Amino acid sequence: LSAPAGSTNAPIRVNGSLTLRGALLVEGSNLTAGSSYAAFSYTSNLTMGPLTTHTLSRYEVAVETNTPGLVRFRIVRQVPFAELSDKVRSSPVTWS
């Protein structure tokens with residue numbers, strides 16, 4: 001994803017219908033939380049199947065489809081390498 005925010009120039013152009021489904025793996029060094037990036041443009045119909053974020057993805061991503069003919073990925077946040085939560089354990093985590 002490298003198209004500037006606000007751009008409608010998608011790196012992948014589909015002449016016809018587009019179906020999105022599967023696992024989304026997003027990598028990049030200059031992606032900013034809150035920014036959206038044009039990913040796909042299409043000329044006919046959009047069908048959304050099950051779409052999840054790949055477990056190795058460095059970013060949590062939201063898919064934006066509100067502009068006809070364009071799919072954008074909005075970077076929600078960079079995912080930490082490991083997330084620990086006290087909701088999982090009843091006692092504090094201690095590193096030794």
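These legends accompany three close-up views of a predicted model.

**View 1. Strand β3 and its two partner strands.**
Let's start with strand β3, which covers residues 36-42. Seven of its seven residues are buried, so the strand is largely enclosed by the rest of the structure. Strand β1 (residues 12-14) runs parallel to β3, and three bridges join the two. Look for Ile12, whose bridge partner in β3 is Phe40. Strand β6 (residues 70-78) runs antiparallel to β3, with five bridges between them.

**View 2. Ser41 and its surroundings.**
Here we zoom in on Ser41, a residue of strand β3. Is Ser41 buried or exposed? Its relative accessible area is 17%, and the cut-off for buried is under 20%, so Ser41 counts as buried. Opposite Ser41, in β6, stands Leu70. Leaving aside neighbours within four places in sequence, Ser41 is in contact with Ala10, Ile12, Arg13, Val14, Gly69 and Leu70.

**View 3. The aromatic pair of Phe40 and Phe73.**
How many aromatic pairs does a search of the whole structure find? The search turns up one. In this pair, Phe40 and Phe73 meet edge-to-face, with 6.1 Å from centre to centre and 90° between the planes. The pair links distant parts of the chain, as Phe40 sits in strand β3 and Phe73 in strand β6, 33 residues apart. Phe40 is buried, at a relative accessible area of 15%. Phe73 is buried too, with 6% relative accessibility.

Definitions and conventions: Residues numbered from 1 in each chain as written. Predicted model: local features only at pLDDT ≥ 70, side-chain atom pairs only at ≥ 80, totals over all residues. Heavy atoms only, no water. Buried < 20%, exposed > 50% of the residue type's maximum accessible area, 1.4 Å probe, protein only. Helix = DSSP H or I, 4+ residues; strand = E, 2+ residues; numbered from the N terminus. Pairing = 2+ DSSP bridges. Contact = heavy atoms within 4.5 Å. Phe/Tyr/Trp six-rings, centres within 6.5 Å; stacked < 30°, edge-to-face > 60°.
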